[in-house]
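Student: I would like a close look at one part of this model, the inner space and what surrounds it. Please start with the overall layout and then work inward.

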Amino acid sequence: MTIRTRMTLWYAGVLLLSALIIAGLSFKELRERHDNIEEPDDSLQDVIALICWIGIPAVILSIGGGWWLMRRALAPITTLTRAAEGINERNLTQPLPRSGNGDELDRLTQVLNTMTARLHESFTRIRDFTLHASHELKTPLTVLSGETETELRDESLSPREREHALSRLDELQRLARIVDGLTLLAKADAGLLTLNLAPVSLDELVRENFADTQILAQASGVRVELAACEPLSVKGDAHRLRQLLLNLADNAVKYNQQGGSITMKLSRSNGSALFSVSNTGPGVSPTALPRVFDRFFRGDPAHNNEAADGCGLGLSIAQWIVAAHHGEIKIESLPAKLTTVTVRLPIC
C-alpha cells in the first residue's frame, strides 16, 4: 500500500468519524427540540448552542485528527532521516531500517541500502589497492636506498656525483616515509592495527619528545620551551603515543619561521590529560582549517613552506592515534601569529 493511499484512507476515516459525531449530536439536538416544542423561540441562542456543542468539537477533532495523521505519516521519514544522518565510512555495512510494507519509502530505503553497499565496496577496493601498492613499493625503495648508500661509501665519487647521490637518497627516504604513512592509514582503515594498551607515563614521553624537538629545531634556530609537564598517566600504546608527539613536534618545527618559538604544555583538565604544542609559523587560514586533518592536504600557507618536506599525512596519522585512544584533537590558528594543536586523552 502506498503512502498516498494510506494517508487518503486515514484522512477519510477521520472525516467519517467527525461526520458521525456531528450527525449524532445534531440528531440529539433536533430530538430534544421536537420533545420541547412549547419552549419559547430563541433562534440566536440555539445557533450559538449548536456552534458551541457541535461546531467547535468538530473543528477540534478535525485539527487533532489532521495533526495525528501527519505525525503518523511522517514518523517513518523521521526515523529514516535519523538513521541516514549516522552513516559514515565506518558503518556502511549497517543497513537502514526498512518497514517491509513495500511503499515508496520502503523502496527508497532499499535504494539507499544498495547505494551504501556499493560505497562500502568502493572504499574497500581503495583500501586494498593502497595497502597492496604501498606493500609492493617498499621492497624496490629499500633496494634503491641501499644501493645509494653503498654508492655514497665510494670515496672515488666526485663532489657533484656525491651531491646527486645524496639528493637521490633524500627523495627515496621521503618516498619511504609516504609509503609507511599510507600503509599505516590503510591498515587502520581496514581494522588491521591493534594497540598494545598499558599504563603509560605521558609526562615521560613529553619530556623525551621535548629533547628530540630541541635537536630538530637547532638547524632553523627555533627556540623550544616546555612550559608545563604535570605527572600524568594514560592507558595507551607507548609506541603510537610517541609517534603522535613526534608528528606534532615535527610539524611545529617544519612549519615555523626562522628564529621562531615552540611551546609545549602537559596539564590535567577536567579529568583528562591535556597536551598542547604551539608554534609561531605562518599559521593556517580559516578556510583551510577544517581540512588540515585530510590526507595529503597541503593547500594552506603553512604547507607552502619551501623548507618543509612533509607529505601531508602527519596530522591524519595523529588524528587516528588520538581517536584510537578515545581522545580528541583540535587545531587553532591565528595566521602569521600562533598555531596551537591540542590533544585531550583520558587519564587511567
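## A closed space and its walls

Tutor: The protein chain has seven helices and seven strands. Keep in mind that this is a predicted model. In sequence order, the elements run α-α-α-α-β-α-β-β-α-β-β-α-β-β. The chain has 348 residues, and 33% of them count as buried.

Now go inside. Two cavities of 30 Å³ or more are present in the structure. We will take the second largest, which holds about 50 Å³ of space. Its lining consists of L202, L241, L244, L245, A273, F275, V343 and L345. Three elements each give two or more residues to this wall: α6 (238-254), β5 (272-279) and β7 (338-346). The largest share belongs to α6, with three residues. What is the chemical character of the lining residues, nonpolar, polar or charged? Eight are nonpolar, with no polar and no charged residue in the lining.

Next, the helix that gives the most to this wall. α6 has 17 residues, which should span 24 Å at 1.5 Å a residue. Its end C-alpha atoms are 24 Å apart, so expectation and model agree. How much of α6 is buried? Twelve of its 17 residues are, so the helix is largely enclosed by the rest of the structure. The buried set is R240, L241, Q243, L244, L245, N247, L248, A249, N251, A252, V253 and K254. Note that L241, L244 and L245 are in that buried set and also in the cavity lining.

Take L241 as the example. This leucine sits in helix α6. Its relative accessible area is 2%. Buried means under 20%, so L241 qualifies. L241 also has a partner from another stretch of the chain: V200 lies 41 residues away in sequence, yet the two C-alpha atoms are 9.0 Å apart.

L202 leads us to another helix. This residue lines the cavity and is among the buried residues of α5. Helix α5 covers residues 202-217, 16 residues in total. From first C-alpha to last, α5 reaches 22 Å, close to the 22 Å expected at 1.5 Å a residue. The buried residues of α5 are L202, D203, L205, V206, N209, F210, T213 and A217. How do they sit around the axis of α5? They fall within an arc of 145 degrees, so they line one face of the helix.

For contrast, turn to an open space. The largest pocket has a volume of about 750 Å³. Its lining counts 23 residues, with E89, R127, L185, D189 and R295 nearest the centre. Eleven lining residues are nonpolar, seven are polar and five are charged. The helices α3 (104-152), α4 (159-189) and α7 (314-324) each supply at least two of the lining residues. Why is the pocket placed between domain 2 and domain 3? Domain 2 (135-189) and domain 3 (198-346) both give residues to its lining, so the pocket lies between them.

Two loop residues deserve a look at their backbone. Most residues other than glycine have a negative phi. F296, however, has a positive phi near 65 degrees. This phenylalanine lies in the loop between β5 and α7. At 44% relative accessibility, F296 is partly exposed. A336 also has a positive phi, about 70 degrees, although it is not a glycine. Its loop connects β6 (328-334) and β7. A336 is exposed, with a relative accessible area of 65%.

One last residue, from an early helix. L61 belongs to helix α2, residues 43-85. Is L61 buried, exposed or partly exposed? Partly exposed, at a relative accessible area of 27%. L61 and V14 are 47 residues apart along the chain, with their C-alpha atoms separated by 8.3 Å.

Back to where we began. The cavity of about 50 Å³ has an entirely nonpolar lining of eight residues. α6 provides three of them, and α6 itself is largely enclosed.

How values were computed:
Residues are numbered from 1 along each chain as its sequence is written. This is a predicted model: local features need pLDDT of at least 70, side-chain atom pairs count only at pLDDT 80 or more; totals for chains, interfaces and linings use all residues. Side-chain values use heavy atoms; hydrogens and water are left out. On a 1 Å grid over the protein atoms alone, a cavity is a set of points where a 1.4 Å probe fits but cannot get out, and a pocket is an open set with protein on both sides within 12 Å along at least five of seven lines; lining residues have an atom within 4 Å of a point. Grid points are joined across faces, edges and corners, and a volume is the space filled by probe spheres set on the points. Helices (H or I, at least four residues) and strands (E, at least two) are DSSP runs, numbered from the N terminus. Ala, Val, Leu, Ile, Met, Phe, Trp, Tyr, Cys and Pro count as nonpolar, Asp, Glu, Lys and Arg as charged, and the others, Gly among them, as polar. Domain bounds come from an automatic or database domain assignment. The expected span of a helix is 1.5 Å times one less than its number of residues. Buried means under 20% relative accessible area, exposed over 50%, partly exposed in between (1.4 Å probe, protein chains only). The arc is that of the directions from the helix axis to the C-beta atoms.
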